[in-house]
Amino acid sequence: MKTILNVIWLILSGFWLFLGYLFAGALLCVTIIGIPFGLASFRIGVYALWPFGRTTVERRDAGAPSCVGNVLWLLLAGWWLALAHITTGILLCVTIIGIPFGIANFKLIPVSLLPLGREIVPTDRPFAAR
């Protein structure tokens, strides 16, 4: 079932969201300071490309640098990517078939706003990363 949902997701919104994360990551990797943010963008882009069957968990060992990094991320790329998820989610919720995919877009908003200090894990073992 996860594979069917992921293929439909890929066609409806996953590919375009992946391109948005790829673009944001490429822009952030231009400077040396932005490389960690670009890598986070690439990681979340792959998650946005194929989200069903995976989830995010907080890393307790992330510390203060990830908090500072999240504030910078929020200002540099987070708002734009969250707006892309909101827009795509609303457009998908217009149709009955698209409602689950719209809800999945809304669930990706928190990780698009504050990605640092989070880890993407399979849903069948969400506590394995801890």
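Start by selecting α1 and α3 together in this predicted model. Their axes lie 11 Å apart and cross at an angle of about 170°. That angle is over 145°, so α1 counts as roughly antiparallel to α3.

Now show side chains along the contact between these two helices. On the α1 side, pick Leu12, Ser13, Leu17, Gly20, Tyr21, Ala24 and Leu28. Facing them from α3 are Trp73, Leu76, Ala77, Leu81, Ala84, His85, Thr88 and Leu92. Colour this set by class and you will find 11 nonpolar residues, four polar ones and no charged ones.

**Along α3**

Keep α3 on screen and hide the rest. This helix runs over residues 64-92, and its end C-alpha atoms are 37 Å apart. A straight helix of 29 residues would span 42 Å at 1.5 Å a residue. Where should you look for a bend? Centre the view on Leu74, where α3 has a kink of about 60°.

Next, colour α3 by burial. Start with Ser66, Gly69, Asn70, Trp73, Ala77 and Gly78, which are among its buried residues. Further along, add Leu81, Ala82, His85, Thr88, Gly89 and Leu92, which are buried as well. As you step through them, keep the helical repeat in mind: with 3.6 residues a turn, residues three or four places apart point the same way. Bring the neighbours back and you will see what the buried residues of α3 pack against: α1 (2-28), α2 (35-49), α4 (99-107) and α5 (109-113).

Two α3 residues deserve a closer view. Select Ala77 in α3, which counts as buried because its relative accessibility is 6%, under the 20% cut-off. Which residues does Ala77 touch, apart from those up to four places away in sequence? They are Ala24 and Leu28. While you are here, draw a C-alpha to C-alpha distance from Ala77 to Tyr21: it reads 9.0 Å, for a pair 56 residues apart in sequence.

Then move to Thr88, also in α3. Thr88 has 19% relative accessibility and counts as buried. Leaving aside neighbours within four places in sequence, its contacts are Ser13, Leu17 and Asn105.

**Along α1**

Swap to α1 alone. This helix has 27 residues, and its end C-alpha atoms are only 32 Å apart, whereas a straight helix would reach 39 Å at 1.5 Å a residue. The place to zoom in is Leu10, the centre of a kink of about 65°.

Switch the burial colouring on again. In α1 the buried residues are Asn6, Trp9, Ser13, Gly14, Leu17, Phe18, Tyr21, Ala24, Gly25 and Leu28. With the other helices shown, follow the buried residues of α1 to their packing partners: α2, α3, α4 and α5.

Stop at Asn6, which sits in α1. Is Asn6 buried or exposed? With a relative accessible area of 1%, Asn6 is buried. Show what surrounds Asn6 and, leaving aside neighbours within four places in sequence, you will find contacts with Trp50, Pro51 and Phe52.

**Across to α2**

For the last leg, select three residues of α2, beginning with Ile35. Ile35 is partly exposed, at 35% relative accessibility. Leaving aside neighbours within four places in sequence, Ile35 is in contact with Leu28 and Cys29. Its C-alpha is 8.1 Å from that of Gly25, and the two residues are 10 apart in sequence.

Go on to Phe42, again in α2. Phe42 has 29% relative accessibility and counts as partly exposed. How many residues separate Phe42 and Ala24 in sequence? The answer is 18, with a C-alpha to C-alpha distance of 8.5 Å. Now light up the contacts of Phe42 beyond four places in sequence: Tyr21, Leu22, Gly25, Ala26 and Cys29.

Finish the tour at Val46, found in α2. Val46 is partly exposed, at 42% relative accessibility. Beyond its neighbours within four places in sequence, Val46 is in contact with Phe18 and Arg54. One more distance to draw runs from Val46 to Thr123: the two are 77 residues apart in sequence and 16 Å apart in space, C-alpha to C-alpha.

Notes. Residues are numbered from 1 along each chain as its sequence is written. This is a predicted model: local features need pLDDT of at least 70, side-chain atom pairs count only at pLDDT 80 or more; totals for chains, interfaces and linings use all residues. Side-chain values use heavy atoms; hydrogens and water are left out. Helices (H or I, at least four residues) and strands (E, at least two) are DSSP runs, numbered from the N terminus. The expected span of a helix is 1.5 Å times one less than its number of residues. The bend at a residue is the angle between axes fitted to the seven residues ending there and the seven starting there. Buried means under 20% relative accessible area, exposed over 50%, partly exposed in between (1.4 Å probe, protein chains only). Contact means heavy atoms within 4.5 Å. Axes are lines fitted to C-alpha atoms, for helices over the stretch in contact, and angles run from 0 to 180 degrees between N-to-C directions. Angles under 35 degrees count as roughly parallel, over 145 as roughly antiparallel, 65 to 115 as roughly perpendicular and the rest as oblique. Ala, Val, Leu, Ile, Met, Phe, Trp, Tyr, Cys and Pro count as nonpolar, Asp, Glu, Lys and Arg as charged, and the others, Gly among them, as polar.
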